[in-house]
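Hi there,

Here is the structure I promised to pass on. Have a look at it first, and my notes on what I found follow below.

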Amino acid sequence: MARQEPYPTDLTDAEWKLLAALLPGPSKLGRPPRHARRAVFNAIFYVLRSGGGWRLLPHDLPPWRLCYYYWAKWRDQGVWERLHEALRARVRVAAGKKKPRRVDRESTRLNSSHLVISYAGFCLK
């Protein structure tokens, strides 16, 4: 079943272009992916922004198990923190402020799901 209209949580082309460069590349081993990374990313944002459960993903999005797998994998790899830092630096520079200094990861522990929620509805310009 193909989607007719985008969800409000879907990334724009400009947002995806910025974020795609920060995501880890696909694995060279195993079979090729069935779902595009952008579709998985949009599904993750849908769950986080709507507050719904993973199993409540609409049927026109990738399967919930796949989306949860990537969310957890990227959480463990620190991808969400890197995305947050890159977006924060971009927003600060756009606002005329200094680039933020690097924070020591060992001394700071953040809940990665909160980072994604704060940027899920954010429009990059």
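**What I found**

The accessible surface of the chain comes to about 8,900 Å², and carbon and sulfur atoms account for 54% of that area. Please keep in mind that this is a predicted model. Of the 125 residues in the chain, 32% are buried. There are five helices and zero strands, so to speak an α-α-α-α-α order when read from the N terminus. Among contacts in the chain with a separation of 6 or more, 64% link residues that lie 24 or more positions apart.

**The core**

A good place to start is the largest nonpolar core, which has 23 residues. Within this core, F41, I44 and W74 touch the most other members. Four helices each supply at least two of its residues: α1 (13-20), α2 (37-50), α3 (64-77) and α4 (79-94). The largest share is that of α2, with seven residues.

If you want to pick one residue to click on, try W74. Leaving out residues up to four places away in sequence, W74 touches L23, P24, R37, F41, I44, V79 and W80. Two of the residues named with W74 for touching the most other core members, F41 and I44, are thus also among the contacts of W74 itself.

**How the helices pack**

Two packed helices are described by the angle between their axes and the distance between the axes. Here are three pairs in those terms.

Take α2 and α3 to begin with. Their axes are 9 Å apart, and the packing angle is about 85 degrees. Because of that angle, α2 is roughly perpendicular to α3. On the α2 side, the residues that take part are R37, V40, F41, A43, I44 and L48, and they meet L66, C67, Y70, W71 and W74 in α3. Sorted by class, this contact has ten nonpolar residues, no polar ones and one charged residue.

Next, α1 and α2. Their axes come within 12 Å and cross at roughly 105 degrees. These two helices are therefore roughly perpendicular to each other as well. From α1, the residues D13, W16 and L19 meet R37, R38 and F41 in α2. By class, the contact of α1 with α2 divides into three nonpolar, no polar and three charged residues.

That leaves α3 and α4. What angle do their axes make where they cross? The crossing is at roughly 70 degrees, and the axes come within 5 Å. That angle makes α3 roughly perpendicular to α4. The residues in contact are W71, W74, R75 and Q77 of α3, together with V79, W80 and R82 of α4. Four of these residues are nonpolar, one is polar and two are charged.

A few residues turn up in more than one of these places, if you would like to follow them on screen. R37 and F41 of α2 meet residues of α3, and R37 and F41 are also in the contact with α1. On α3, W71 and W74 meet α2, and W71 and W74 also take part in the contact with α4.

**Two loop residues**

I also looked at one residue in each of two loops. P58 sits in the loop between α2 and α3. Is P58 buried or exposed? P58 has a relative accessible area of 18%, which is under the 20% cut-off, so P58 counts as buried. Not counting residues up to four places away in sequence, P58 touches Y7 and Y46. Y46 is twelve residues from P58 along the chain, and their C-alpha atoms are separated by 9.4 Å.

The other one is K99, in the loop between α4 and α5 (112-120). With a relative accessible area of 63%, K99 is exposed. Leaving aside its neighbours within four places in sequence, K99 is in contact with A89, R92 and V93. The C-alpha atoms of K99 and A89 are separated by 5.5 Å, although these residues are ten apart along the chain.

Happy to go through any of this with you.

Best wishes

Conventions: Residues are numbered from 1 along each chain as its sequence is written. This is a predicted model: local features need pLDDT of at least 70, side-chain atom pairs count only at pLDDT 80 or more; totals for chains, interfaces and linings use all residues. Side-chain values use heavy atoms; hydrogens and water are left out. A nonpolar core is a set of buried Ala, Val, Leu, Ile, Met, Phe, Trp, Tyr and Cys residues joined through side-chain atoms within 4.5 Å. Buried means under 20% relative accessible area, exposed over 50%, partly exposed in between (1.4 Å probe, protein chains only). Contact means heavy atoms within 4.5 Å. Axes are lines fitted to C-alpha atoms, for helices over the stretch in contact, and angles run from 0 to 180 degrees between N-to-C directions. Angles under 35 degrees count as roughly parallel, over 145 as roughly antiparallel, 65 to 115 as roughly perpendicular and the rest as oblique. Ala, Val, Leu, Ile, Met, Phe, Trp, Tyr, Cys and Pro count as nonpolar, Asp, Glu, Lys and Arg as charged, and the others, Gly among them, as polar. Accessible areas come from the Shrake-Rupley method with a 1.4 Å probe; for residues, only the protein chains shown count as cover.
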